Amino acid sequence: MTAQINSNHQSRASLVLGIESSCDETAAAIVRRNADGSGTILANQVLSQDAEHAPFGGVVPEIAARAHVTHLDGIIERAMETAGVGYADLDGVAATAGPGLIGGVIVGLMTAKSIAQAKQLPFIAVNHLEGHALTVGLTDNIAAPFLLLLVSGGHTQLLMVSDVGVYKRLGTTIDDAVGEAFDKTAKLLNLGFPGGPAVERCARAGDAEAFALPRPLLGQDNCNFSFSGLKTAVRRAFEQTERTDDRLRADICASFQAAVCECLRDRAGRAMTLTAEQLPADSDPVFVIAGGVAANETLRTAFEQLCSERGFRLLCPPRELCTDNAAMIAWAGAERLHRGMCDTLDVAPRARWPLDPLAEPVGGAGVKA
Ligand code: KG4
Ligand code: ZN
């Protein structure tokens with residue numbers, strides 16, 4: 001797991017259009033993979049559907065799919081204009097083929113296939129999770145191997161990333177994803193949508209020790225997570241207290257965030273221990289946090305401490321590249337294109353698509369992949 005500058009694949013530069021539509025962001029980006037293996041973002045357009053979903057307090061799949069149909073063509077056009085490129089300049093077209101809300105995935109995937117067919121370009125079907133996983137290659141020019149904590153609205157996993165397309169899952173959630181726990185906490189406290197940033201904002205004025213919330217699976221001899229008990233404890237704390245002031249919400253958010261961070265740190269520490277033998281003696285091991293929840297400042301600080309204690313170098317993409325975007329899809333597409341890992345146009349959209357299909361299934365009702 002030695003950090004490597006991504007210079008072992010000298011070649012000519014390539015330009016890829018990426019499309020992301022697996023949840024509630026309609027996004028298109030143009031990314032160049034330079035000859036030395038580094039990446040450059042030429043355009044990164046993200047149209048959030050927050051306003052459409054806010055009245056419902058969560059993402060409504062049907063509304064999301066329709067919004068992607070309405071906006072995707074315009075977003076692609078704007079990305080091409082911003083980058084100052086035409087279709088003839090592209091070397092490939094990449095789109096998220098899953099996992100995600102199937103209606104939205106179909107919209108992006110069909111659009112990318114149509115462009116690839118019409119312009120006779122290579123087509124790359126990208127796993128959305130791989131997009132998150134490889135973002136540090138684009139932002140920090142770092143290649144695998146590295147340890148990864150992937151924290152998003154649908155997934156919470158610890159993975160060993162050995163190469164593009166080669167992932168070993170070390171642990172996953174046995175029930176809710178951590179982003180889901182943030183979103184449900186925000187909904188309970190009436191903080192608005194999207195939930196994660198709202199909880200983070202509210203927590204700033206709170207006392208993280210005001211409520212003694214549980215730390216599920218802490219200290220266990222594996223790398224799994226559980227957040228559904230924590231979610232129930234938050235509800236109980238809110239319903240049972242006599243307090244009604246604004247400070248109450250802040251205290252709950254801060255206590256919730258502290259509990260989440262402690263769980264994630266503990267499980268990540270376990271993964272570091274379990275993979276220690278795989279580290280060469282002169283290693284510069286890298287730990288990456290990616291996915292929407294990685295935008296959380298308290299989490300980033302907690303992991304800075306953990307990584308400095310354990311001798312890891314922490315890498316975390318800038319906040320706007322932690323949450324869903326198409327630059328990460330274009331980059332994963334460029335990495336695959338470079339390795340000749342292109343797809344045919346009969347690739348099917350997938351609601352579920354694990355990065356490590358060989359991983360043992362874990363018990364629990366809410367496991368997504
Ligand atoms: O990766 P992402 O944008 O979409 C998925 O692939 O799911 O992650 C979305 C999740 C949501 O649950 C959202 O509430 C959470 O990431 N999130 C945050 C923050 N920003 C987004 N959670 C905590 N703190 C944040 N600042
Ligand atoms: Zn995501």
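## Ground rules

Throughout this report, a residue is buried if its relative accessible area is under 20%, exposed if over 50%, and partly exposed in between, using a 1.4 Å probe and protein chains only. By that yardstick, F182 and F256 are both buried.

This is a predicted model: local features need pLDDT of at least 70 and side-chain atom pairs count only at pLDDT 80 or more, while totals for chains, interfaces and linings use all residues. Residues are numbered from 1 along each chain as its sequence is written, chains are lettered from A and ligands numbered from 1 in the order in which they are written, and side-chain values use heavy atoms, with hydrogens and water left out.

## Aromatic pairs

A pair of aromatic rings is described by the distance of the centres and the angle of the planes. Here, rings of Phe, Tyr and Trp (its six-membered ring) pair if their centres lie within 6.5 Å; planes under 30 degrees apart are stacked, over 60 edge-to-face, and the rest tilted. That rule gives four aromatic pairs. One of them is F182 with F256, edge-to-face at 5.0 Å centre to centre and 80° between the planes. F182 sits in helix α5 (residues 178–188) and F256 in helix α8 (residues 246–274), so this pair ties together parts that are 74 residues apart in sequence. Helices (H or I, at least four residues) and strands (E, at least two) are DSSP runs, numbered from the N terminus.

F287 and F312 have ring centres 6.4 Å apart and planes at 85°, so they are edge-to-face. F287 belongs to strand β11 (residues 286–290) and F312 to the loop between α9 (297–310) and β12 (313–315), with 25 residues separating them along the chain. F287 and F312 are buried. Ring pairs also bring F303 into the picture, giving a cluster of F287, F303 and F312.

## Nonpolar cores

In soluble globular proteins, nonpolar side chains tend to be buried together. A nonpolar core here is a set of buried Ala, Val, Leu, Ile, Met, Phe, Trp, Tyr and Cys residues joined through side-chain atoms within 4.5 Å. The largest one has 49 residues, and L264 and F287 have the most contacts inside it. β8 (146–151), α5, α6 (195–203), α7 (228–240), α8, β11 and α9 each supply at least two residues, with α8 giving the largest share, 14 residues. A second, separate core of 36 residues includes A94, F146, Y167 and W331.

Contact means heavy atoms within 4.5 Å. Setting aside neighbours within four places in sequence, L264 is in contact with L149, V151, T156, V178, F225, F227, L299 and F303. I252 is another residue of helix α8, buried with a relative accessible area of 1%. With the same neighbours left aside, I252 is in contact with L189, F211, V234, A237 and F238.

## Helix α6

Helix α6 is mostly covered, with seven of its nine residues buried. Those are G195, G196, A198, V199, E200, C202 and A203. Their cover includes α5, α8, α9 and α10 (319–322).

## The β5-α3-β6 unit

β5 (92–98) and β6 (123–127) are among the elements covering the buried residues of α3, and β5, α3 and β6 make a right-handed β-α-β unit. Right-handed means that, with the strands pointing away from the viewer, the path from the first strand over the helix to the second runs clockwise. The two strands pair in the parallel sense over five bridges, and A95 stands opposite A125 in β6. Strands count as paired if DSSP finds at least two bridges between them.

How many residues of β6 are buried? Five of its five: F123, A125 and N127 lie on one side, I124 and V126 on the other. As for the helix, α3 (residues 102–119) has 18 residues and its end C-alpha atoms are 26 Å apart, which agrees with the expected 26 Å. That expected span is 1.5 Å times one less than the number of residues. Just after α3, Q120 takes a positive phi of about 55°.

## Strand β3 and its partners

Eight of the nine residues of strand β3 (residues 25–33) are buried, so the rest of the structure largely encloses it. β2 and β3 run antiparallel, joined by seven bridges, and R33 in β3 is the bridge partner of S14. A hairpin of four residues connects β2 to β3.

On to strand β4 (residues 39–48), which pairs with β3 in the antiparallel sense over nine bridges; I30 stands opposite A43 in β4. This hairpin has five residues between its strands, and G37 in the turn has a positive phi of about 90°.
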